[in-house]
Each structure stands twice: as C-alpha cells, then as structure tokens.
Amino acid sequence: MFGLSLPAIPFLPFLSGNRDPEPEPVVLSRDQVDEIGRELDALRERTVAALGSEDREYIYRVIKAQRGFEVAGRGLLFLGFLPPAWIAGTAALSVSKILDNMEIGHNVMHGQYDWMREPALNSRVFEWDTVCPSDQWRHSHNFVHHTYTNILDMDRDIGYGILRMDPAQPWKPYYLGNPLYAAVLMVVFEWGVMLHDAEADRVLSGKRDIRELGPLARGWWHKAGRQVLKDYVVFPLLSGPLFVPTLLGNAAANLVRNVWAFSVIFCGHFPSGVQSFTPEETADESRGEWYVRQLLGSANISGSPLMHLMTGNLSHQIEHHLFPDLPARRYPQIAPQVRALCEKHGLPYNTGGLLRQVASVWRKIFRLALPPSWVSDQRETAVVIERRPRPEPAVVEPEPGEELEEARGAGAARTLVHDTV
C-alpha cells in the first residue's frame with residue numbers, strides 16, 4: 001500500500017508504490033453477494049459429489065512417494081562422505097519433508113480425507129514431521145486463521161505477532177526490524193509455527209498469563225523433543241563416523257522445508273492486492289460475505305503441476321480459503337470456475353508467478369518497516385459491499401415487576417469499504 005517517497009534513495013524501484021490514478025471501487029450489491037454464495041456452495045456440492053477412487057489413489061501415491069524420498073534420502077546420507085551422495089540425500093530428504101508437511105500433513109489435518117474412513121488419514125490423530133504438535137496447529141490454523149481470515153486483531157497469521165504485515169497495524173520503532181524478523185522466521189519457520197498458539201506478544205504485554213502456557217509447553221516438549229532426537233541424535237548416531245555430515249544433511253533438509261513453507265504461505269496471504277478487514281466490517285457475515293472475504297484476502301501462485309504438488313496445492317490459496325476441507329488436488333480443477341465467477345462480478349483474482357509473488361511480499365515487508373510518513377500510498381482496488389440490515393432482536397415480554405429493556409433496532413443497511421493492502 002505504500003511506496004517510499006524519497007527519490008534519492010537507490011532502492012526506490014523496489015519500494016515505490018503504484019503511481020497510477022486510484023482505480024474505481026468495485027461495488028457488489030446484496031443480490032450479487034448472495035449469488036456468489038449460492039454459486040460457490042453449488043461448486044462445493046458438485047466437487048464433494050465427485051470425490052472417489054481417484055482422490056483415494058492420489059493421496060496413497062503421494063504418501064508412497066514421500067516415504068520413498070525419505071528412505072532414499074536417509075540411505076544416501078550414509079554415504080555422505082561422497083559429496084554427490086550427500087547433496088542427493090539432502091535433496092531427497094528435503095522433498096520428503098516438504099511433501100509430508102504441505103501435501104500430506106497440512107491437507108490431512110484439514111479433514112480433506114476424513115471421508116475415506118482411513119485411520120492413518122484421520123485429521124484428529126494425524127501427526128506430521130515437524131516440531132509443532134498437530135492439535136495446537138489445528139487450533140491456531142484450522143480454527144483461528146480459517147475462521148477469521150485476514151480480520152485484524154483476530155487472525156494472528158497477520159504478522160504472527162512479530163511482523164507488521166498490514167498498514168492498519170500501528171507503526172512503532174520495533175518494526176524497523178521487519179525484514180530481519182521475517183528472515184529469521186523464514187529460517188526457523190517450523191519453530192515459529194510451534195510457538196504460534198503461545199501468543200508471545202500478549203504474554204510480554206501482560207495480556208495473557210504465562211501460567212496458561214503450561215499445557216502448550218508440555219506438548220512442545222514431547223513433540224519437538226521427538227523431532228530433535230530423530231533428526232539430530234538418532235539418525236546421525238546410526239551413521240557412525242558420518243555423524244556430522246548426517247546431522248548437517250538433516251539440518252539442511254529442515255531449512256529447505258522451512259524456507260519453502262514460509263515462501264508459499266506468505267505468497268498466499270501477503271502479496272500486494274490482498275485485502276484485510278476489521279471486526280466491525282465482518283460482523284454478522286452472511287455466507288456470501290464470508291466467501292467474498294476469502295476471495296479478497298487470498299492470493300494464488302501460477303506454475304506447473306509439479307510446483308502445485310510441492311506447495312500442497314496451497315499455490316491455490318484462494319480456493320483453499322474458500323473450501324479448506326476439500327482435497328487440495330481438486331483446487332486446480334475448480335480454479336477456472338472460481339476465476340470466472342470473480343470476472344463475472346468484477347472482483348480481483350490475485351495470481352502471479354512465484355518470483356513475482358515473492359518479490360511483492362518482500363516489498364511489503366520492507367515498506368511496512370518504515371514509518372507511514374516516509375512512504376506513499378499504493379493504489380489498490382477497493383471493494384464496496386452493500387450489506388443487509390441486521391435482524392431485529394426478538395421482543396420478550398417482561399416478567400411482572402421487571403422493566404422491559406428497550407430493543408435496539410438494526411438500522412438501515414450499511415455499505416462497507418474493505419481496507420486494501
């Protein structure tokens with residue numbers, strides 16, 4: 001939303017905002033919003049009805065491939081005294097960890113394969129190859145993030161409690177370190193995800209009692225302890241004199257997975273054009289309004305089928321936010337229909353290549369590190385939604401001797417303008 005206004009600074013092209021005239025807002029009538037809701041509900045129903053053997057065989061193939069890469073990677077690291085073997089082993093283990101986290105773990109824990117009645121793919125008991133306990137992730141991600149997607153002060157994925165990722169977040173000198181904090185988070189991303197439910201910023205500010213972290217900490221100790229033992233003790237010891245090369249290979253594979261997962265997730269949530277909302281704007285949402293929020297608060301990454309596989313199909317973040325419990329392999333199939341619906345109603349459909357989206361995210365990270373007075377406005381398309389009036393509360397006859405509380409009317413329909421990022 002902002003671009004640096006000091007032309008003498010050499011990195012102006014990286015930070016500068018769009019100087020084009022402010023685009024006309026897109027206005028959605030109540031009927032249009034309701035129609036969007038109906039069409040997306042129908043799309044979901046058609047997709048659910050089509051689920052079957054192809055989806056079952058697909059997830060089994062991915063699991064088989066993931067296990068194959070893990071066996072190959074760990075086996076090659078036993079030959080880590082040969083540089084080509086070490087590189088190949090680390091690469092294979094990296095692919096295994098990415099598939100486990102993105103296409104298997106993330107999607108299974110969303111309940112995308114619960115319909116199969118396969119105990120090993122049950123969202124409630126599945127565990128993944130990362131330090132974050134699955135039950136904590138399901139709360140912070142499945143519940144908090146997907147319920148309050150891009151709602152300021154409610155969706156903690158906006159900045160993860162440490163970054164300024166939206167201009168509506170008040171600036172303070174601490175945010176001058178935005179790029180540094182983002183780089184550190186990228187490197188240790190699995191640990192950041194693990195600590196997400198702790199709400200460390202609220203603990204430090206006194207808004208949350210540190211004693212509430214006890215149950216979370218016990219989960220961290222057990223899950224992270226097992227992961228550290230496996231990757232940094234057991235397998236390196238099994239390699240005997242190759243302890244150090246195996247340790248470094250495991251650490252490198254975790255680093256590759258962390259950087260990739262961070263990049264994919266941030267590209268789906270924070271490129272230029274992704275919009276944020278306030279609690280007041282989203283109060284009493286209708287089904288259609290909820291869908292519109294998901295459309296405006298997400299972004300896709302265009303690319304090849306292999307790239308989509310390696311992202312867990314989170315390269316289709318728009319479709320994932322619309323239908324988080326549909327098997328992700330279906331997102332590329334329904335994406336053209338979602339895009340056509342957006343075009344029909346004049347809504348932006350935010351998509352772009354990986355490098356473009358990554359560059360957009362990091363421009364935002366750098367821009368929002370600076371005080372608002374130092375940067376200029378970046379024009380984005382606003383969306384105006386005509387909302388229905390809130391329903392009148394039921395009038396209850398008072399009991400004898402009690403006063404009837406005056407019912408508060410809902411007032412006229414209001415028009416909301418979503419802030420843009």
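## Close-up views of a predicted model

**View 1. The C-terminal stretch, residues 400-421, has pLDDT under 50 throughout.** The model is predicted. For residues 400-421 it has 64 contacts beyond four places in sequence. Where pLDDT is low, the predicted coordinates should not be read in detail.

**View 2. Residues 1-14 also stay under a pLDDT of 50.** Here the model has 42 contacts beyond four places in sequence. Across the whole protein, the mean pLDDT is 88. A value of 70 or more is reached by 86% of the residues.

**View 3. The whole protein sets the scene for the closer views.** It has 15 helices and seven strands. There are 421 residues, and 49% of them are buried. Take the contacts between residues at least 6 apart in sequence: 73% of these join residues at least 24 apart. The protein exposes about 20,100 Å². Carbon and sulfur atoms supply 62% of that area.

**View 4. Helix 2 packs against helix 11.** Helix 2 spans residues 30-50, and helix 11 spans residues 287-296. Their axes lie 7 Å apart, at an angle of about 80°. Helix 2 is therefore roughly perpendicular to helix 11. Helix 2 brings Val 33, Ile 36, Gly 37, Leu 40 and Asp 41 to the contact. Helix 11 meets them with Arg 287, Gly 288, Glu 289, Tyr 291, Val 292 and Leu 295. By class, six residues in this contact are nonpolar, two are polar and three are charged.

**View 5. Helix 11 is largely enclosed by the rest of the structure, because nine of its ten residues are buried.** The buried residues are Gly 288, Glu 289, Trp 290, Tyr 291, Val 292, Arg 293, Gln 294, Leu 295 and Leu 296. What do they pack against? The helices are helix 2, helix 5 (134-147), helix 13 (317-322) and helix 14 (331-344). The strands are strand 2 (26-28) and strand 6 (383-386).

**View 6. Helix 6 packs against helix 10.** Helix 6 covers residues 178-187, and helix 10 covers residues 243-269. The angle is about 125°, and the axes are 7 Å apart. Helix 6 is therefore oblique to helix 10. On helix 6, look for Ala 182, Leu 185, Met 186 and Val 187. They meet Leu 255, Asn 258, Val 259, Phe 262 and Phe 266 in helix 10. This contact has eight nonpolar residues, one polar residue and no charged residues.

Terms used. Residues are numbered from 1 along each chain as its sequence is written. This is a predicted model: local features need pLDDT of at least 70, side-chain atom pairs count only at pLDDT 80 or more; totals for chains, interfaces and linings use all residues. Side-chain values use heavy atoms; hydrogens and water are left out. Helices (H or I, at least four residues) and strands (E, at least two) are DSSP runs, numbered from the N terminus. Buried means under 20% relative accessible area, exposed over 50%, partly exposed in between (1.4 Å probe, protein chains only). Contact means heavy atoms within 4.5 Å. Accessible areas come from the Shrake-Rupley method with a 1.4 Å probe; for residues, only the protein chains shown count as cover. pLDDT is the predictor's confidence in each residue, from 0 to 100. Axes are lines fitted to C-alpha atoms, for helices over the stretch in contact, and angles run from 0 to 180 degrees between N-to-C directions. Angles under 35 degrees count as roughly parallel, over 145 as roughly antiparallel, 65 to 115 as roughly perpendicular and the rest as oblique. Ala, Val, Leu, Ile, Met, Phe, Trp, Tyr, Cys and Pro count as nonpolar, Asp, Glu, Lys and Arg as charged, and the others, Gly among them, as polar.
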